[in-house]
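This briefing covers the fold, the cores and a few individual positions of one protein. Please read it alongside the sequence and the coordinates.

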Amino acid sequence: SPDGALDVIQSLMGRRGEVLDNSDWVINAVDRYNDGVHPDSLPSVFRPVGPTGKGGFPPPMRGRELAERLEELLQQAPPSLDSRARAALQDLHPAEAVDILEDVLNKQDEIRNLSAFVFRA
């Protein structure tokens with residue numbers, strides 16, 4: 001959201017000289033903002049933990065839960081949801097993908113083309 005983007009940028013600007021890698025900090029701050037964590041509460045330097053997290057940093061705890069929920073929903077999705085639609089869902093932020101997949105599963109009897117529904121959502 002525009003307000004979220006402004007919060008992240010303002011928080012970054014208030015940390016002049018403290019953040020070692022602006023790009024990694026912004027990526028991490030946006031991920032955490034999408035999970036309900038305001039950027040002002042984040043540290044200026046994140047500890048790298050290895051190659052599994054985005055930008056070398058661990059995803060927020062809610063992000064892991066969302067990723068697990070997304071995997072569950074993808075397994076429950078009917079076979080008529082094609083591989084392109086599944087891949088597109090995995091490219092989204094997990095919260096968005098979960099919302100779309102929950103809609104698909106709740107309305108699958110009403111939707112003629114599930115894959116097209118995913119791409120329009």
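The secondary structure of this predicted model consists of six helices and zero strands. Along the sequence the pattern reads α-α-α-α-α-α. The protein has 121 residues, of which 34% count as buried. Among contacts with a separation of 6 or more, 52% are between residues 24 or more positions apart.

**Nonpolar cores**

- The largest nonpolar core has 17 residues, and Leu70, Leu81, Leu89, Leu101 and Val118 are the ones that touch the most other members.
- Two or more residues of this core come from each of α3 (61–76), α4 (83–91), α5 (94–107) and α6 (114–120).
- The most is given by α5, which supplies six residues to this core.
- A second core of six residues is separate, and its members include Val8, Leu12, Trp25 and Leu42.

**Leu81 and Leu89 in the largest core**

- Beyond four places in sequence, Leu81 touches Arg86, Leu89, Leu101, Leu114, Ser115 and Val118.
- Leu89 is located in helix α4.
- Leu89 counts as buried because its relative accessibility is 0%, where the cut-off for buried is under 20%.
- With neighbours within four places in sequence left aside, the contacts of Leu89 are Leu70, Leu74, Leu81, Ala97, Ile100, Leu101 and Val118.
- One of these partners, Leu74, is 15 residues from Leu89 along the chain, and the two C-alpha atoms are separated by 9.0 Å.
- Leu81, Leu101 and Val118 are among the contacts of Leu89, and these three also belong to the set of core residues that touch the most other members.

**Packing of α1 against α2**

- Helix α1 (residues 2–13) and helix α2 (residues 22–34) have axes that come within 10 Å and cross at roughly 140 degrees.
- At that angle α1 is oblique to α2, because the value does not exceed the 145 degrees above which a pair counts as roughly antiparallel.
- The crossing of α1 past α2 is right-handed.
- On the α1 side, the residues that meet α2 are Asp3, Gly4, Asp7, Val8, Ser11 and Leu12.
- On the α2 side, the residues that meet α1 are Asn22, Trp25, Val26, Ala29, Val30 and Tyr33.
- By class, the residues of this contact are seven nonpolar, three polar and two charged.
- Val8, Leu12 and Trp25 take part in this helix contact and are also members of the second core.

**Val26 in α2**

- Val26 lies in helix α2 and is partly exposed, with a relative accessible area of 23%.
- Outside its neighbours within four places in sequence, Val26 is in contact with Val8 and Leu12.
- Val26 and Val8 are 18 residues apart in sequence, with a C-alpha to C-alpha distance of 6.9 Å.

**Pro78 in the loop between α3 and α4**

- Pro78 is found in the loop between α3 and α4.
- The relative accessible area of Pro78 is 14%, so this residue is buried.
- Not counting residues up to four places away in sequence, Pro78 touches Arg86, Leu105, Gln108 and Leu114.
- Pro78 and Leu105 are 27 residues apart in sequence and 8.2 Å apart from C-alpha to C-alpha.
- Arg86 and Leu114 are contacts of Pro78, and both are contacts of Leu81 as well.

**Ala116 in α6**

- Ala116 sits in helix α6, and its relative accessibility of 22% makes it partly exposed.
- Ala116 and Ala85 are 31 residues apart in sequence, and their C-alpha atoms are 7.9 Å apart in space.

Methods: Residues are numbered from 1 along each chain as its sequence is written. This is a predicted model: local features need pLDDT of at least 70, side-chain atom pairs count only at pLDDT 80 or more; totals for chains, interfaces and linings use all residues. Side-chain values use heavy atoms; hydrogens and water are left out. A nonpolar core is a set of buried Ala, Val, Leu, Ile, Met, Phe, Trp, Tyr and Cys residues joined through side-chain atoms within 4.5 Å. Buried means under 20% relative accessible area, exposed over 50%, partly exposed in between (1.4 Å probe, protein chains only). Helices (H or I, at least four residues) and strands (E, at least two) are DSSP runs, numbered from the N terminus. Contact means heavy atoms within 4.5 Å. Axes are lines fitted to C-alpha atoms, for helices over the stretch in contact, and angles run from 0 to 180 degrees between N-to-C directions. Angles under 35 degrees count as roughly parallel, over 145 as roughly antiparallel, 65 to 115 as roughly perpendicular and the rest as oblique. A crossing is left-handed if the near helix is turned anticlockwise from the far one by less than a right angle, and right-handed if clockwise. Ala, Val, Leu, Ile, Met, Phe, Trp, Tyr, Cys and Pro count as nonpolar, Asp, Glu, Lys and Arg as charged, and the others, Gly among them, as polar.
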